[in-house]
Structure formats: C-alpha cells, structure tokens
Amino acid sequence: MAETTVAERFDRIKRLLFEKMYGRLNEGQKQAVFAVNGPLLVLAGAGTGKTTVIVERIAHIIRFGDLYESSACPVDMTPGEVARLEAAIQLGEDEIAQVLADYVTNPCPPWDILCFTFTNKAADEMKDRLAQTLGDETASAIWAGTFHSICMRFLRKYGESLGYSKDFTVYDTEDSKRCLKSCMQELDIDEAVLPVKSALADISRLKEKLITPQEFSADAQKDLRSKRVALVYALYQKKMRDASAVDFDDIIMQTVRLLETNGEAFDFCNGRFRYVSVDEFQDTNPAQLRLIQLMTERRRNIMVVGDDDQSIYRFRGATIENILNFDSGYPDARIVRIEENYRSTSNILNAANGIISNNKGRHEKRLFTNGPQGEKIVYRKCENQLEEAKFIAGKILELSMKEKRKYSDFAVLYRMNSQSNVIESVFSRSGIPHRLIGGTRFYERKEIKDILAYLAVVSNPADDLRLRRIINEPKRKIGDKLVSDIEIIASANGIPMFEVIKDAPFYPQICRSAQKLKDFCDLITELSKIRDTAPLDVLFEKTIELSGYRAMLVNGGEEEAEKLQNVEELISNAQSYQSAADEPSLSGFLEEVALMSDIDNYDSTGNAVALMTVHSAKGLEFPVIFVPGFEENIFPPSASFEKEDIEEERRLAYVAVTRAKERVFLLSVNERTLYGRTNKNRESRFLREIPQECLRKDEQVENGRRASALSRQSGKNGFISREFAQVPALTRSSPAKAGATFGAGDRVTHMFFGSGTVLSATPVGGDILYVVAFDDKGTKKLMGTYAKLKKE
DNA sequence: CACGCTCTGCCTGCG
DNA sequence: GCAGAGCGTG
C-alpha cells in the first residue's frame, strides 16, 4: 500500500517537474514535446514555434528518454526520495533538468534520431538550434537532413544492389530535360505533340507516386498522350540507368525500392532510427510518405509536423492528403494543435484566418495571439505597375523615417518573379537598398553548369550528357554533326562517348576530325592529372584556364564580366568546401553541389529590403510586408481557377499575410502589362475574404473628382468600392449611368432569367457588357443599362 | 561550323 | 517583352 503511494507520488511529481521545467512552452507545445512514443501529428500554424517544438522534443528524448510517458517507478524509490523530488519543484529549470536526468528511462543516443527537412537551409537551421540546446557534439550526431541527402546516404551505401554503379551521378532538372529530349527524338515523338516540359512533369508525378514505367505501361486502355508518356518514361529510365544517373525523384523512389527489397537496408533503418520526425509534412509526396513508413515500420515512433494551411506545393507533386489523412494511416496517432501565434498582430491573424476559412479541405484551426491588435491591413489601388512600385518605395521611405525602421524590416512578396523588374528599378532609382531572392539560382547559371560539367567529365568520363554539354563550349569546331556521329559509334559499340573520342583515329567516320578530338581528350586527361595531384581550387582554376573558358569571358562585355565573377565565386566555394569537408574530393564537391540549391538564398544579414516570391518567403517573417499584384489573373493567376488550385492559391495568400509581424500592404493596379499585353484586372477575390474590420482601404486611393464621384456613388465614405475596382474605366466616363455595377463572381438576379453568376464585366462605350451564367437559362450577354440586374 | 535571324511560349520551384 | 530554341545562310 505504501509502495503504491510512492509510485503514484513519483509519477505525479515527475510530471509536475516536467511541466515546470517546460514552463516557457505553451500547452500544445508541451503536449508535443512530451508525446514521445508512437505516431504523432503536430498541426502547427504559421508562426507558432514549430521548429522550437521539434528541437525541444528531440532534446527531451535524448535527455530523458520516455521518462515522462513511462509508467515505471524505480524499484528502490523511497518516500524520502520522493519528498526530495517534491521539494525540487522550487528549483529553477536547469536544476530540475539535472534532477530528472537521474531517472531517464529508455535513453536514446543522438545517432538513433532522424529528422527530415525539405531544404538544406531548414536542415542547417535545425542543426544550429539543436547545437544550441544540446551542444555541438551531440547535435552533429543526429541525422538531420533533407529527404534527398538522407536518401543519398543509403543509395551510396546500398545502390549497387539496385544495379547502380558505385559513383552514380545526380541529374538536375536541366540534365533530365536534355536526356528526355533525346529520348523523344529517338522515339520520334514531336515536341508539338508532347512538350518535353510537360512530359517531364508527368514522369515526375509518376515517380512521386512510385509508379514504375512497367506499371504505367501495363495500365490498360489509355489515351494517346498517356501512351506516349509511357513510352518516353520507359526509355528515359533505361537511359538514366545506362548512364548510371539518377534524377531527384529517383533518389526517393529508388530508396523506397531499396527498403522494400533489401532486407539489410530495411533492418538497418528500423534497427537504428528509434525516433523519426518530419518537418513541413504538408509538402511531402506519396513516395516520401512511403519512405518514412518503411523507415519507422517496426517502432512506429514517427512525428510529423506541418500546417495543411501552408501546403503550397501541390503543383510540384506534394499531396496535402498526407497531412489531412495522417490518422487514417495511423489510427492510434495522437494529434496536437498549436494555434498560439507569436509573430503577428491580431489584425493580421484575423485577416489570415478570414482568408483561409474559405477553404473546404482542411484541419479546422484558428490562429490567435495574446499580443496587440496592431495596425489594420492596408489595401491600395494604383494606376499602373510603376505607380505601384513607387507607392511601395514611398511607403518604405516614409516608414523608415516615421517608425525608425531598417530596410531589412521590409519585404516585397509577389506571386511571379516577373513582377520584380519594375520594383527593382524603382528601388534603385530611389536609392533603396534591396536584395532579390530566388530567380535563377547560382548553380543553375549556364557558366557555372558548364564549369561543373567539365569537372563532372573529369570525375566520371562516362557522363555523356555532361560531355556533350562542354565538348564545344567554348567553341572548338566540334559541331553537331560530329557529336552525333560519335554518339552513334558509342551506342553501336555500347561504350561511352569519351572512349570513342579517345580512339577517334580508328573510326573512319570521324577520323578526319581526330586532331580536334585529341585536343579535347588531352584537356580532360590533363585535368584528371591535376585532380590527382593538386587541391580543388587549383583544379578549378586550371579548368577555367585550359578549357579556354576564361579567355572566352575575358573578351566579352558586361554580361561576360558578370559570368566571370560567378565563375570566380565558384572557385571560392570550392575553396571553402575544401577547408570545411572531412575528406574533400571532387566527387564529394559535385555531389554536394547537386543537392544544393540556395547558396545565394536569403540571409537576413545586411540592411536591405527583401524581394521574393510568396513561395520563397515561406518560413520567413518580416515586420512589414508588401504584396503587389493582389489581383485576379495574378494572385490568383488565371490558370488556377479550378477549385483545387484556388484553394492552393488561398493558402498561398494565407502564407503571404502571415509572414508579417506588424504591417501588411496589399496592392493592385488598374492597368497591368503582362507578357507585352495590357489588361485590367479586378482586385483579388481574397481581398473580399478579409474581415472589413481588419482592413483599411487607402484613403488616397482615388484622387480628385474620381474619388468624390465614386464615394457618392458607393456611399462607402471614400473607400474604393469593390464594384468600382472591377470596372474602373467605365466610372470615369459615366459614373452614374449604369447604376449598380457587378464583377465576375457576383451573384445576381434578372427579372426574366432568374439567378446567375457574373462571369465577366467589360466596359463598352459608357456601358458595361456582362456575361452572366444563369442557373437555369444558360449563359447570356447583357448590357448593364438595360439588364436591370440586382444583387442576389 | 558559326552566327544571326525569327518564332514561340510564358506561374509558383525544393532537391 | 523577353529569352531560349530552331532554322537558314555566309
């Protein structure tokens, strides 16, 4: 009897001590940290301290094992000891941690913990945070990395069992595209019938669903397009295999296959990884879900963290269903919601909640804050893109004066990269320091890829694709005809092209170009020698020198000078790799580069305004954000008017707004030029989803008589009315004539046709032409003046 | 074989 | 409106 009491007391005080020790976390965060065993889904909204939860939970597991959840009580527990513990509640966090550490149950070493992230940047941040909490040594033993980098470790180790050579290559998207293109030429499939880009996207989707070429081909009756894709997919996969190359999707798909077929690899994962967590789970695809299922099959200690409302990568194969239906795969999963936001004002959160609540397929949740209400969100309509950019520039200057803000407090988040041009040039003229994030990535620049292709060939002479890239770059009079002759000989003999080049004099078809080919061959041979004897940066330097690449750039203009600068930067990257890596090698560098994306991605250092797409802003936060182009056809883009796509756009708008801590400016323009055409777009439908009380439509929207005419008409004390924004051209010519006006999406009634939805409203000669889809009577064209439409 | 011209197609983008 | 691809000519 007394013993039970001791055990009960121990259990109770243990939990209390944990509660106290993690007092700085909120309830949801604590629940997630303490829920150590079994499957766990953490729904963590924007700005709720998601990374903190992952880091704290891992640290908790390493320090205390499953002590919190364990029902075990030490057999030698005495009332005196329990009393000592009960007294410990007075102590501070650190002392409590020390006291509890003595009772750790099922301790877990750091190398048995695995954490998946989506980007290298996120992985680095995770490692940094872990190092802060656990110390460098412990933190570096944790397996934390992107899906791709973790999978690569397995493919390098077990890849040969799948038939890949020891030194297989990773193709990036451009390489894959080239490879696919040659497949399609071989199969005589015209690009007009099946564009390479879309075929590649199809293949990517198939791989993300783990569908093999065989399975897809076997799939009975298909349309012509799918049949072609099946054909192309099969050949593409064969080619990749012959070249011993994998694309990004293969890295995941082949690892899944490995775990399904190779008992040793499966046992390794399931023996080693006792706790697995996945960050940004809403961005996973079916292959990635399958992968983590396989890796955690035995112990099922799987935690996934994400926010379905921030799932914005459906277009590249992520399935939001993974997070929506996690509990159907794991019926015993515990679900923790974290809704307290530490980032934004309540006005911003209410606006975000208002937008996102219009989505159907989602886990119900609502962000809240105990912080201040803050400024209202500002909506501003400008005449054109230039005015829009000027407004942003002006606001930035104004706020940096009035509110003493730094330039780095501001971010401009747009839907499309092409929107950045005007803004950049206005900023430059206004002397506003800014940084453009995203766009063409460093390692995707032509000059960088060229140099890396040289090195890839040096590293692996069988890499025909890279060889073809550089054999005539810079120009050395080896034209397409000659290259394709070499290719034919190579494939006829089943050898790599480089072998053919080496023995050029022995092939009559190409022997008369033997000298040119020998020169190229000598170049590669020379570089291989340098690789074996000199450090990496010397190899890089020599590559640029001996290949003639530098000479080509030196004599160029401004553009070439910039390229040269990029190439120099590559050399310095090689240098820093050399000094940082454990065992620096060319192949090691090439692999790191292949899996790297954002070398020049956002780092918050430096006092400059950040310019980027909403997509690249995910995970970041700024005191003040601007969203230019908050318009129909831009945000959301016209290509996305299908229901599922619109829900994704809405999530994207939610992401945009929730990046802000204090202020949000949404902008639209009256006339926008896109792809050389000028259009009038209505303001974004998402604007209407923001509760009126969090929104302020900029007073200066309308200047002069247009403003007064409008406010009289709409009776909304100077605010631009939705109707006006939709058909601005008309109101200018005849403000009162048309009566009430409507915009696309509005529900209207007509005395004869009944209820319907407005599809479009076009100003024509002082009136408005409406196209209305009536519920029962079909689609009609009506003139505003005569139709006498009424708002439903 | 290289260069210059016309034609096309265009969102978002990790690894 | 612009860049990259494809084609024709010197």
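This report describes a predicted model of a protein chain with DNA, covering confidence, salt bridges, one buried leucine and the surroundings of a DNA strand.

## Basis and confidence

The model is predicted, and local features need pLDDT of at least 70, side-chain atom pairs count only at pLDDT 80 or more, and totals for chains, interfaces and linings use all residues. Residues are numbered from 1 along each chain as its sequence is written, chains are lettered from A and ligands numbered from 1 in the order in which they are written, and side-chain values use heavy atoms, with hydrogens and water left out.

The average pLDDT of chain A is 86, and 90% of its residues score at least 70; pLDDT is the predictor's confidence in each residue, from 0 to 100. Over residues 701–739 the value is below 50, and this stretch has 64 contacts in the model beyond near neighbours in sequence, a contact being heavy atoms within 4.5 Å. Where pLDDT is low, the predicted coordinates should not be read in detail.

## Salt bridges around helix 21

The structure holds 68 salt bridges, each defined as a side-chain nitrogen of Lys or Arg within 4 Å of a carboxyl oxygen of Asp or Glu. In one of them, K449 and D172 meet with an N to O distance of 2.6 Å. K449 lies in helix 21 (residues 446–459) and D172 in the loop between strand 4 (169–170) and helix 9 (173–186), so this pair ties together parts that are 277 residues apart in sequence. Helices (H or I, at least four residues) and strands (E, at least two) are DSSP runs, numbered from the N terminus. K449 is buried, with a relative accessible area of 8%, and D172 is also buried, at 16%. Here buried means under 20% relative accessible area, exposed means over 50%, and partly exposed lies in between (1.4 Å probe, protein chains only).

Helix 21 also contributes D450, whose salt bridge with R469 has its closest N and O atoms 2.6 Å apart. R469 lies in helix 22 (residues 464–470), so the pair ties together parts that are 19 residues apart in sequence. D450 and R469 are both buried. Salt bridges that share partners join residues into one network, including D172, K449, D450, R466, R469 and K475.

## A salt bridge between helices 9 and 12

E186 and K239 form a salt bridge, with 3.0 Å between the closest N and O atoms. E186 lies in helix 9 and K239 in helix 12 (residues 224–242), so the pair ties together parts that are 53 residues apart in sequence. E186 is exposed at 51% relative accessibility, whereas K239 is partly exposed at 22%.

## The surroundings of L455

L455 is placed in helix 21 and is buried, at 0% relative accessibility. Among the residues that L455 touches, not counting those up to four places away in sequence, are L539, F540 and L586. L455 and R531 are 76 residues apart in sequence, and their C-alpha atoms are 9.4 Å apart in space.

## DNA strand C

K181, E191, Y675 and G676 surround DNA strand C; a residue is near a strand if one of its heavy atoms lies within 4 Å of it. This surface divides into 1 nonpolar, 1 polar and 2 charged residues. Ala, Val, Leu, Ile, Met, Phe, Trp, Tyr, Cys and Pro count as nonpolar, Asp, Glu, Lys and Arg as charged, and the others, Gly among them, as polar.

Of the atoms of DNA strand C within 4 Å of the protein, 36% belong to sugar or phosphate and the rest to bases. A polar side-chain atom of K181 lies 3.1 Å from a phosphate oxygen of the strand, while a polar backbone atom of Y675 is 3.4 Å from a base oxygen of DNA strand C.

Notes: A polar contact is a pair of N or O atoms within 3.5 Å; within protein, one must be able to donate a hydrogen and the other to accept it, and residues adjacent in sequence count only if both atoms are side-chain atoms.
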